[in-house]
Amino acid sequence: MVVYLDTILIPLSVFITLGYHAYLFHTIKNKPSSTTYGIDKQRRTAWCLNLIQGDDKKAMLTVQSLRNTLMAAILTASITILVNMALAAMTNNTYNVSHHLFKSSFFGSKSDKIFILKYGSASLCLVISFLCSSMAIGFLIDANFLMNSYGDFLISNGYTQIILERGFTLAFIGNRVLCVAIPFMLWMLGPVPVLLASLATVFVLHEFDFVCKEQHSHKQCISM
């Protein structure tokens, strides 16, 4: 009986990715000031306070700043749906090439069920990213409208801030799921690229997610 690397490296890659994001969620919940997402959330709260105080200049800057996140969510949604369509078109060719060129067990199993799982896992991540980004666009548009309305009732009861946070959170999730989908797309080439891509993705995301400061001429991240 041949033991393929898929049975070892793929669960390990999933565990590394999920473990990192569980740690990130725990840090955001308990020490938000040590993560970029937590700091951004605190700044967004200050945005709503500027609206309540009636600071027109800061309020206009706040609305303009929403465009960056809105454009990023639109770009993420567009990329995910295009990549998913391209992935579906390339699946048949990849299936034929893998059976003729990558016959070694080092490249993982070549069974039809595993190949469907390879495509399905990557496609599922892309669809989830598309849905989250699409919903984020809707929430951000609503938040933009509410901020421009200057309604005392909507601002005083926190409704605008709730809509704003939902939009940013869904945009963050959509972008993050797209990053997670990259290793699964490399599964077409075997389980080893999946593990390497997962390690590289976690390393890069850690640099973006945690705040760093200089101490004793060295760059140390606040991830305690």
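**Exercise 1. Describe the segment 184-205 and relate this segment to the record that lists it.**

Solution. In this predicted model, residues 184-205 are 77% helix and 0% strand, and their end C-alpha atoms lie 17 Å apart. The span comes from UniProt, where an unreviewed entry lists residues 7-25, 70-95, 116-141 and 184-205 under "transmembrane region". Another of the listed spans, residues 116-141, is 100% helix and 0% strand in the model. The end C-alpha atoms of residues 116-141 are 37 Å apart.

Helix α7 covers residues 191-209 and contains Thr201. Thr201 has a relative accessibility of 18% and is therefore classed as buried, the cut-off being under 20%. Beyond residues up to four places away in sequence, Thr201 touches Cys179 and Pro183.

**Exercise 2. State the order of secondary structure elements along the chain and characterise its contacts and surface.**

Solution. Step one is the count: the chain has 7 helices and 2 strands. Step two is their order, which from the N terminus reads α-α-α-α-α-α-α-β-β.

Step three concerns burial and contacts. Of the 224 residues in the chain, 36% are buried. Among contacts with a separation of 6 or more, 75% join residues that are 24 or more positions apart.

Step four concerns the surface. The exposed area of the chain is about 13200 Å², and 70% of this area is supplied by carbon and sulfur atoms.

**Exercise 3. Determine which parts of the chain the aromatic pair of Tyr37 and Phe172 ties together, and classify its geometry.**

Solution. The structure holds 2 aromatic pairs. In the pair of Tyr37 and Phe172, the ring centres are 5.0 Å apart and the planes stand at 45° to one another, a tilted arrangement. The angle is neither under 30 degrees, as stacking would require, nor over 60, as edge-to-face would require.

Next, place the partners. Tyr37 belongs to helix α2 (residues 36-53) and Phe172 to helix α6 (residues 159-185), so the pair ties together parts 135 residues apart in sequence. As to accessibility, Tyr37 is buried at a relative accessible area of 15%, whereas Phe172 is partly exposed at 25%.

**Exercise 4. Trace the interactions of Arg44 with Tyr37, Phe168 and Glu165.**

Solution. Begin with the rings. The charged end of Arg44 sits over the ring of Tyr37, at 5.5 Å from its centre. The charged end of Arg44 also sits over the ring of Phe168, at 4.3 Å from that centre.

Then consider the acidic partner. Arg44 and Glu165 form a salt bridge whose closest N and O atoms are 3.0 Å apart. This bridge links distant parts of the chain, with Glu165 in helix α6 and Arg44 in helix α2, 121 residues apart. Both residues are buried.

**Exercise 5. Contrast the sequence separation and accessibility of the salt bridges Asp40 with Arg43 and Asp209 with Arg176.**

Solution. The general principle is that side chains of opposite charge can pair when their charged atoms come close. The whole structure contains 3 salt bridges.

Take the bridge of Asp40 with Arg43, in which N and O are 4.0 Å apart. The two residues lie in helix α2, 3 residues apart, about one turn of the helix. Asp40 is partly exposed, with a relative accessible area of 34%, and Arg43 is exposed at 54%.

Now take the bridge of Asp209 with Arg176, for which the N to O distance is 2.9 Å. Here the pair links distant parts of the chain: Asp209 lies in helix α7 and Arg176 in helix α6, 33 residues apart. Asp209 and Arg176 are both buried.

**Exercise 6. Locate Ser33 and identify its contacts.**

Solution. Ser33 lies in the loop between α1 (6-30) and α2. Its relative accessibility of 49% makes Ser33 partly exposed, since exposed residues must be over 50%.

Leaving out residues up to four places away in sequence, Ser33 touches Ile39, Gln42 and Val211. Of these contacts, Val211 is separated from Ser33 by 178 residues in sequence, while the C-alpha atoms of the two are 8.1 Å apart in space.

Conventions
Residues are numbered from 1 along each chain as its sequence is written. This is a predicted model: local features need pLDDT of at least 70, side-chain atom pairs count only at pLDDT 80 or more; totals for chains, interfaces and linings use all residues. Side-chain values use heavy atoms; hydrogens and water are left out. Helices (H or I, at least four residues) and strands (E, at least two) are DSSP runs, numbered from the N terminus. Buried means under 20% relative accessible area, exposed over 50%, partly exposed in between (1.4 Å probe, protein chains only). Contact means heavy atoms within 4.5 Å. Accessible areas come from the Shrake-Rupley method with a 1.4 Å probe; for residues, only the protein chains shown count as cover. Rings of Phe, Tyr and Trp (its six-membered ring) pair if their centres lie within 6.5 Å; planes under 30 degrees apart count as stacked, over 60 as edge-to-face and the rest as tilted. A charge sits over a ring if NZ of Lys or CZ of Arg is within 6 Å of the ring centre and within 35 degrees of the ring normal. UniProt positions are given in the numbering used here, feature names are shortened, and annotations may be inferred rather than shown by experiment. A salt bridge is a side-chain nitrogen of Lys or Arg within 4 Å of a carboxyl oxygen of Asp or Glu.
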